[in-house]
Amino acid sequence: MITVQEFRAEVRDWLADNLVGDFAKIKGLGGPGNDNVAFEERLAWNRHLAAAGYTCLGWPEEHGGRGLSVAHRVAFYEEYALANAPAKVNHFGEELLGPTLIAFGTPEQQQRFLPKIRNVEELWCQGYSEPGAGSDLANVSTTAELVGDEWVINGQKVWTSLAHWAQWCFVVARTEKGSKRHAGLSYLLVPLDQPGVEVRPIVQLTGDSEFNEVFFDDARTEASLVVGQPGDGWRVAMGTLTFERGVSTLGQQIEYARELSGVAELAKRTGAADDPLIRERLTRSWVGLRTMRSYALATMDVEQPGQDNVSKLLWANWHRELGEIAMDVLGREGMTLTDGEFDEWQRLYLFSRADTIYGGSNEIQRNIIAERVLGLPREPKG
């Protein structure tokens, strides 16, 4: 196998040779809060990556991947971020559903879906959260009934990222009547381009609409498109969430470092750097970023209860605080728009308010650590 150093150099050279022409125009575009920006162009870029063998790096070779180690994948994401390459559009397929199908799917499901995920021919979204089941996924009320050779699905999902671009959704639905909490759930693969599905974009504080509501009204999918056994959806869904931890977090931290440097430069230009409190907060942000990196590297090859929850708390709170520092650095200028548009620091502030909510709120993360890792008593139900 190619060494990590050799692979890093290969990736760096390839990105330098390929982020040119039209692709150079989309450098740095996309990502949370900007996922609708240049979507078609980023889709073309993601397919270009696939054609060169730079998608699904950790998948086993028999499933179309390259079987590369965690260290190789860390090197890829770090070089990708350093090159300021555009955000990929295939996260849910490549990083979440693909590994789930490899772990839990049937050979038929793997053959049907994995090649199109790898080649970025079909895009996926995640149908977990509902109006009454956000961080508490066990409260799912969307139902699916097996009628003949099809599942008939009714209910509503919310905060469904990029559903308006996706062709498929992996949906957690209640398939056993009268079941409660974790029991009786199934993990279904549902096509979105059908009469029984309506996708409604949700307008965010930033004015963008990368989140959606998805309504299922007698929507249908084949009986064979349940991952794992019917009623075993909770285990499969939790498996998907473990894959979300991923090595891409180290690339994310390079993006964070770029943002922090930008805020520090902004503070120098505005004179806010003369304020000792601003200087202290920027210093704390630098220390926090180093802490995140050390924690990520220390836990990358081990699986211990609670480490994903600690990681989520670290980056979500750090990023939200950086948005608040940016607004304090801007001062009164941060309260006005330029030509009716938010600048990058205003967008950072507004979107980072959601960091401590999506993917499991701060409260949920702390409860999991307290109850499942530290063995503290469960929070009383009101």
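# Exercises on a predicted model

Leaving aside neighbours within four places in sequence, Gln 194 is in contact with Ala 219 and Arg 220. The structure is a predicted model.

## Exercise 1

Place Gln 194 in the chain, and decide whether Gln 194 is buried or exposed.

**Solution.**
- Step 1. Find the element. Gln 194 sits in the loop between β5 (185-191) and β6 (197-202).
- Step 2. Check the accessibility. Buried means under 20% relative accessible area. Gln 194 has 17%, so Gln 194 counts as buried.
- Step 3. Look across the chain. Gln 194 and Ala 219 are 25 residues apart along the chain, and their C-alpha atoms are separated by 7.3 Å.

## Exercise 2

Test whether the length of helix α2 (residues 39-51) agrees or disagrees with its number of residues, then find where its buried residues lie.

**Solution.**
- Step 1. Work out the expected span. The rule is 1.5 Å times one less than the number of residues. For the 13 residues of α2, that gives 18 Å.
- Step 2. Compare. The end C-alpha atoms of α2 are 18 Å apart, which agrees.
- Step 3. List the buried residues of α2. They are Phe 39, Arg 42, Leu 43, Trp 45, Asn 46, Leu 49 and Ala 50.
- Step 4. Look down the axis. The buried residues of α2 fall within an arc of 160 degrees, so they line one face of the helix.
- Step 5. Find the partners. The buried residues of α2 pack against α1 (4-18), α3 (70-82) and α5 (107-118).

## Exercise 3

Find the positive phi values at Gly 53, Cys 56 and Asn 84.

**Solution.**
- Step 1. Start just after α2. There, Gly 53 takes a positive phi of about 85 degrees.
- Step 2. Recall the usual case. Most residues other than glycine have a negative phi.
- Step 3. Take Cys 56. Its phi is near 55 degrees, a positive value in a residue other than glycine. Cys 56 lies in the loop between α2 and α3. Its relative accessibility is 1%, so Cys 56 counts as buried.
- Step 4. Take Asn 84. Its phi is positive, about 60 degrees, although Asn 84 is not a glycine. Asn 84 belongs to the loop between α3 and α4 (91-104). With a relative accessible area of 25%, Asn 84 is partly exposed.

## Exercise 4

Describe the surroundings of Glu 121, Gln 126 and Tyr 128.

**Solution.** Contacts here leave out residues up to four places away in sequence.
- Step 1. Glu 121 is in the loop between α5 and β1. At 44% relative accessible area, Glu 121 is partly exposed. Glu 121 is in contact with Arg 47, Lys 116 and Gln 167. Glu 121 and Gln 167 are 46 residues apart in sequence, and 9.5 Å apart C-alpha to C-alpha.
- Step 2. Gln 126 is part of strand β1 (residues 124-127). Its relative accessibility is 17%, so Gln 126 counts as buried. Gln 126 touches Phe 92, Leu 96, Thr 160, Cys 169, Phe 170 and Thr 240.
- Step 3. Tyr 128 is in the loop between β1 and β2 (143-147). At 5%, Tyr 128 is buried. Tyr 128 touches several residues, including Phe 170, Tyr 187 and Leu 241.

## Exercise 5

Name the residues that form a nonpolar patch with about 270 Å² of accessible area together.

**Solution.**
- Step 1. The patch residues are Val 373, Leu 374 and Leu 376, on the surface.
- Step 2. Place Val 373. Val 373 is in helix α11 (residues 362-373). At 36% relative accessibility, Val 373 counts as partly exposed.

How values were computed:
Residues numbered from 1 in each chain as written. Predicted model: local features only at pLDDT ≥ 70, side-chain atom pairs only at ≥ 80, totals over all residues. Heavy atoms only, no water. Helix = DSSP H or I, 4+ residues; strand = E, 2+ residues; numbered from the N terminus. Buried < 20%, exposed > 50% of the residue type's maximum accessible area, 1.4 Å probe, protein only. Contact = heavy atoms within 4.5 Å. Patch = residues over 30% accessible without salt bridge, like charges linked within 9 Å, V, L, I, M, F, W, Y side chains within 5 Å. Areas by Shrake-Rupley, 256 points an atom, 1.4 Å probe, with all protein chains shown as cover. Salt bridge = Lys/Arg side-chain N within 4 Å of Asp/Glu carboxyl O. Arc of directions from axis to C-beta.
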